[in-house]
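Trainee: May I ask for a close look at the metal site of this protein? I should be grateful for an account of what holds the metal there and of how the surrounding parts are arranged.

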Amino acid sequence: MEASRIALPIGTALDRFIKNNQDQFQYASGELSQLLRDIALASKVVNREINKAGLIDIMGAMGSQNSTGEQQQKLDVLANIRFTRALSKGGEVCALISEETESFVDLNNEGNYVIAIDPLDGSSNIDVNVSIGTIFSIYRRKSKVGEPINEQDILQTGEDQVAAGYILYGSSTMLVYTTGHGVNGFTYEPTLGEYVLSHPDMTMPENGKIYSINEGSANSFSPAVNDYLKFCKDNNYTARYIGSLVADFHRNMLKGGIYIYPATAKDPHGKLRLMYECNALSFIAEQAGGIASNGKGRIMEIKPRDLHQRTPFYVGSVKMVEKAIGFVK
Ligand code: AHG
Ligand code: MN
Ligand code: MN
């Protein structure tokens, strides 16, 4: 945060916070602010539906597969519909990339932004009442308004993000985002129907003791990753793995830790998707003082070739990620 800016107090409503910080953004026309509000609104609707899971028929599998051949859950599809609807109605977004859609959606409007979204992250946790999330990355459109959306608009590198964030549907619901001026977290107050500032200027501890990885797949990891896991145990680190990337990332950002989804024998390029999972969390990690790597280099410098491209992912506290990379590089 810039020194001249008066910090808003805890309890400030998200709308007010967005408005107050609008001039930090170089194209301060109010469009990005409106886009963030659209996302917040859609997330409230999704939150309401998630809270009712178990009471209404929205649990379980759809019987269909998503863009990368994974089973779609009913809530994956529902969340995708809610976010797509809010973003297309808003008019600020001209193209949408989603985990749930094979190719990008051209919204045929004059919007100046492109969004990449994982509408519901942590699908395997929906039916068991464990934290899940939403992840989003926002880019400026590169083509001129009126021209057709092209590859340059869609396949932008993480460094081009102008904003990114996530919603965590956990013991409380939170929206955490950055526009490149630090990271701020807002907690949803259900009786008011508002997100309020609860975690101003979030920073990730430089070091930590938590490691998060699906160790059940250890036989499928490289010897170097297994050597690092041995190092974690030899140093009495704590293992924590929810299986919802947003929740694992959020905990590690608050407490200090590392999240790893490495290349495996089954997924030689890793499992997580660069454009709507890793880039957003990398931007937030870096803005909070952490780092994110694919094991060789910075995630946000990877030039995507495909919307649904996967990447190995090492993210978290600087010292921990650097240590892990020292093993695998
Ligand atoms: P999604 O539900 O959007 O497909 O993402 C699931 C991801 C991520 O949230 C989580 O960290 C990871 O998959 C868990 O994978 P494993 O079950 O292989 O550990
Ligand atoms: Mn996901
Ligand atoms: Mn998902």
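Mentor: The account below begins with the metal site and then moves outwards to its surroundings.

The model is predicted: local features need pLDDT of at least 70, side-chain atom pairs count only at pLDDT 80 or more, and totals for chains, interfaces and linings use all residues. Residues are numbered from 1 along each chain as its sequence is written, chains are lettered from A and ligands numbered from 1 in the order in which they are written, and side-chain values use heavy atoms, with hydrogens and water left out.

Let us take the manganese ion (ligand 2) to begin with. Its coordinating atoms come from Asp118 (OD), Asp121 (OD) and Glu277 (OE), at 1.8 to 2.2 Å. A donor here is an N, O or S atom within 2.8 Å of the metal (3.2 Å for Na, K and Ca), and sites may look incomplete, as water is not among the atoms. Along the chain, the donors of ligand 2 show the spacing D-x2-D-x155-E. Aspartate 118 belongs to strand E5 and glutamate 277 to helix H7, so this pair ties together parts that are 159 residues apart in sequence. Helices (H or I, at least four residues) and strands (E, at least two) are DSSP runs, numbered from the N terminus.

The manganese ion (ligand 3) has Glu99 (OE), Asp118 (OD) and Leu120 (O) as its protein donors, lying 2.0 to 2.2 Å from the ion. Their spacing along the chain is E-x18-D-x1-L. Aspartate 118 thus appears in both lists: this residue bridges ligand 3 and ligand 2, which lie 3.7 Å apart.

How accessible are these donors? Aspartate 118, at 0% relative accessibility, counts as buried, and leucine 120 is buried as well. Glutamate 277 is also buried, with a relative accessible area of 2%. Buried means under 20% relative accessible area, exposed over 50%, and partly exposed in between (1.4 Å probe, protein chains only).

Next come the charged side chains. A salt bridge is a side-chain nitrogen of Lys or Arg within 4 Å of a carboxyl oxygen of Asp or Glu; by this rule the model has 14 salt bridges. One of them joins arginine 298 to glutamate 286, at 2.8 Å from N to O. Arginine 298 sits in the loop between strand E14 (291-293) and strand E15 (313-316), and glutamate 286 in helix H7 (residues 274-287), twelve residues apart. Arginine 298 is partly exposed at 29% relative accessible area, and glutamate 286 is partly exposed at 23%. Elsewhere, salt bridges with shared partners join Glu70, Glu99, Arg273, Glu277 and Arg310 into one network. Two of these names are already familiar: Glu99 is a donor of ligand 3, and Glu277 is a donor of ligand 2.

Another salt bridge links glutamate 206 with lysine 319, their closest N and O atoms being 3.7 Å apart. Glutamate 206 is in the loop between strand E10 (194-199) and strand E11 (210-212), and lysine 319 is in helix H8 (residues 318-328), so the pair ties together parts that are 113 residues apart in sequence. Lysine 319 is partly exposed, at 42% relative accessibility.

Helix H6 (residues 245-255) deserves a place in this picture. Nine of its eleven residues are buried, so the helix is largely enclosed by the rest of the structure. Among the buried residues are Phe249 and His250. Within H6, aspartate 248 and arginine 251 form a salt bridge, with the closest N and O atoms 3.1 Å apart. The two residues are three apart in the helix, and about one helical turn separates them. Both are buried. Just after H6, glycine 256 takes a positive phi of about 95°.

The loop between E5 and E6 contains asparagine 125, which is buried, with a relative accessible area of 8%. Leaving aside residues up to four places away in sequence, asparagine 125 touches Val130, Ser131, Ile132, Ile242, Gly243 and Ser244.

Finally, consider the domains. The assignment, which is automatic or taken from a database, gives domain 1 (14-199) and domain 2 (210-328). Their centres, taken over C-alpha atoms, are separated by 22 Å. In domain 1, 49 residues are in contact with 33 residues of domain 2, where contact means heavy atoms within 4.5 Å.
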